[in-house]
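Me: Hey, can you walk me through this one? I'm new to reading structures, so keep it plain.

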Amino acid sequence: MSRFKKIATLSLGQGINVLVGFLFLPYMARLLPVEDYGTYGQVLLIVSFTIALFSFGLSQIIYVYLNRGENKREILISNIYACFILGLIASAGLYFLSDSFSEFLSNPKLATPLRFYAFAPALVIPFTSLNAFLIYKEAIKKSISISVCTNLVKVFLVVGIIHYYGSISLIIIALLLVHLIQLVWVAFSIKKHLILKTEFGLIYEQIVNGFPLALTGILGTGILYIDGLMVSKFLGVQQYAIYRNGALEVPYISTIYSSIAAIIMPEVAQLFAREKFNEIAKLKRKVITNTMVLIYPILVFLLFNSNEIIVLYLGEKYVASGVVFATYNLILLIRVNGYNDILIAANKGNVLLKYYAVIFILNSVLNIILIHLLGVNGAAIATVISLFVFAFLLLNKSLKLIGSKFLEILDLKAILKLLLFCTISALLLYFFKAYFDKKLYYILFSASVYFPAVIVFVLRNGFLSPSVKESMFGKINKLFKKSQIDK
């Protein structure tokens, strides 16, 4: 399977998951009281922090060990044992600290569902490494099947619970059941690679080498979620619900970044091990340009229509989320590259840790200042600024390691040309807004004109590489030619 097809396949699977969640979110937001919805979000927020802290980067560092050519089965099982050990420690800590978190966020409803969901790290952390091994073995379709099917099960369970019981605690139990199904399914899928015996030294070695990535993980998660935590602390659970419904990325395009990172990481590690630095630069330029073409047109359309989209999506109750949505999605401008893959391949965990710490502090300070000045909108601005600085620092250091420059991996002319065309097109269409009585009709009209125009512009300017173009449009061309022959 080609690199683009791997990314497209994984993106499609993850995109389906995010789309299901995106369609499911308004159901929860409309039926649950704002306070209950905010409590649910706080539970997920705290557990995400904990999983990031105790994952120790094991799902990433496993690629480095597997590429050394040693006993892969022993490496895998050692990694999984390490995951279970750390997951159990994380779950125990969450369970006993649930009341403390409830007091810290001044939300008495938080303790009980958090105590239930405390068992999630013991299931999620091992699953992440097992799934990483599936991707390493190029069993991408299997990984997608597990993810999509279990996500659909989750939706059906949660919808039923909300409809009949409206209980946050029962929703959390349903999520735990889904995590358990995922873990058992992925373990069964690679059972021939699993052995029971391993050396304790190898478990210890992976944990020790992953420790910098553990700190990096919690800081990285903190960079993304400290805004929500501070909104919860300073503004309360209801304002957090407003913020959470705005601080979200759009289905599919939000998954492209993670899909690229998952597919490209093993390849970057292999090229770096063979010191083929020029090949890494070429790979980066190709991936960034093609990803930019997929993401930037959608981003520009969202920026011009954020309020209309949020109201249609969540209702007037969350109209204040519109500005947050527009601001937060500026992050998509940098979601075209994996920024830590070269540093991980070069075993520069300490460098990563330093940058993550700097940005975590920067984001925390900006959030404290801007939340008090601008409320929930200030939190979104703080996060966007911090992530842009972060991307610059990581990219600059990575390029120094492979002896490349920014313009060698960034097609600046193509980026600016595409953004200019998209902005002018969206602006012209925005003037037609006054002629539509309903927001939905305006969105459908503008989208039906905007996106075909962008596709024509992209193809005429040759922004897509031939392989990507063939993969995306080749089948359409073949069907068109076949229909002409049949006539």
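Reply: Sure. One term before we start: a contact means heavy atoms within 4.5 Å. Also keep in mind that this is a predicted model.

Me: OK, let's use that term. What is A269 in contact with, leaving aside its neighbours within four places in sequence?
Reply: With that restriction, A269 is in contact with N67 and A345. A269 itself is found in helix α11, which covers residues 253-273.

Me: Is A269 buried or exposed?
Reply: A269 is buried, because its relative accessible area is 8% and buried means under 20%.

Me: How far apart are A269 and Y63, in sequence and in space?
Reply: They are 206 residues apart in sequence, yet their C-alphas are 7.6 Å apart in space.

Me: Let's zoom out. How many helices and strands does the protein have?
Reply: The secondary structure comes to 21 helices and 0 strands.

Me: And what share of the residues is buried?
Reply: Buried residues make up 53% of the 487 residues. As for the outside, the accessible surface comes to about 22400 Å², and 67% of that belongs to carbon and sulfur atoms.

Me: What about contacts across the sequence? How much do residues 24 or more positions apart account for?
Reply: They account for 83% of the contacts with a separation of 6 or more.

Me: Pick a helix for me. How many residues does α7 have, and how far does it reach?
Reply: Helix α7 runs over residues 140-164, so 25 residues, and reaches 36 Å from its first C-alpha to its last. That is close to the 36 Å expected at 1.5 Å a residue.

Me: Which residues in α7 are buried?
Reply: Among them are I140, S143, I144, V148, N151, V155, V158 and I162.

Me: Why would residues three or four places apart point the same way?
Reply: An α-helix has 3.6 residues a turn, so residues at that spacing point the same way.

Me: What follows α7?
Reply: G166 follows it, and the phi of G166 is positive, near 65°.

Me: New topic: cysteines. How many disulfides are there?
Reply: The count comes to 0 disulfides. You can still look at where single cysteines sit. C83 is buried, with a relative accessible area of 0%, whereas C149 counts as partly exposed at 38% relative accessibility.

Me: Which residue touches C83?
Reply: S129 is in contact with C83, and also with L58, S59, N79 and I80, leaving aside neighbours within four places in sequence. S129 lies in helix α6, residues 120-136, and is buried, with a relative accessible area of 1%.

Me: Any other serine worth a look?
Reply: Try S446 in helix α20, residues 439-460. S446 is buried too, at a relative accessible area of 1%. Not counting residues up to four places away in sequence, S446 touches F301 and L429.

Me: Now the surface. Which residues form the nonpolar patch?
Reply: F234, L235, I361, V365, I368, I369, L373 and L374 form it, with about 710 Å² of accessible area together. The elements giving two or more residues to the patch are α9 (200-235) and α16 (349-374).

Me: Which element gives the most?
Reply: α16 does, with 6 residues. I361 is found in that helix, α16.

Me: Does I361 count as buried or exposed?
Reply: I361 counts as exposed, because its relative accessibility is 53% and exposed means over 50%.

Definitions and conventions:
Residues numbered from 1 in each chain as written. Predicted model: local features only at pLDDT ≥ 70, side-chain atom pairs only at ≥ 80, totals over all residues. Heavy atoms only, no water. Disulfide = S-S within 2.5 Å. Buried < 20%, exposed > 50% of the residue type's maximum accessible area, 1.4 Å probe, protein only. Helix = DSSP H or I, 4+ residues; strand = E, 2+ residues; numbered from the N terminus. Patch = residues over 30% accessible without salt bridge, like charges linked within 9 Å, V, L, I, M, F, W, Y side chains within 5 Å. Areas by Shrake-Rupley, 256 points an atom, 1.4 Å probe, with all protein chains shown as cover. Salt bridge = Lys/Arg side-chain N within 4 Å of Asp/Glu carboxyl O.
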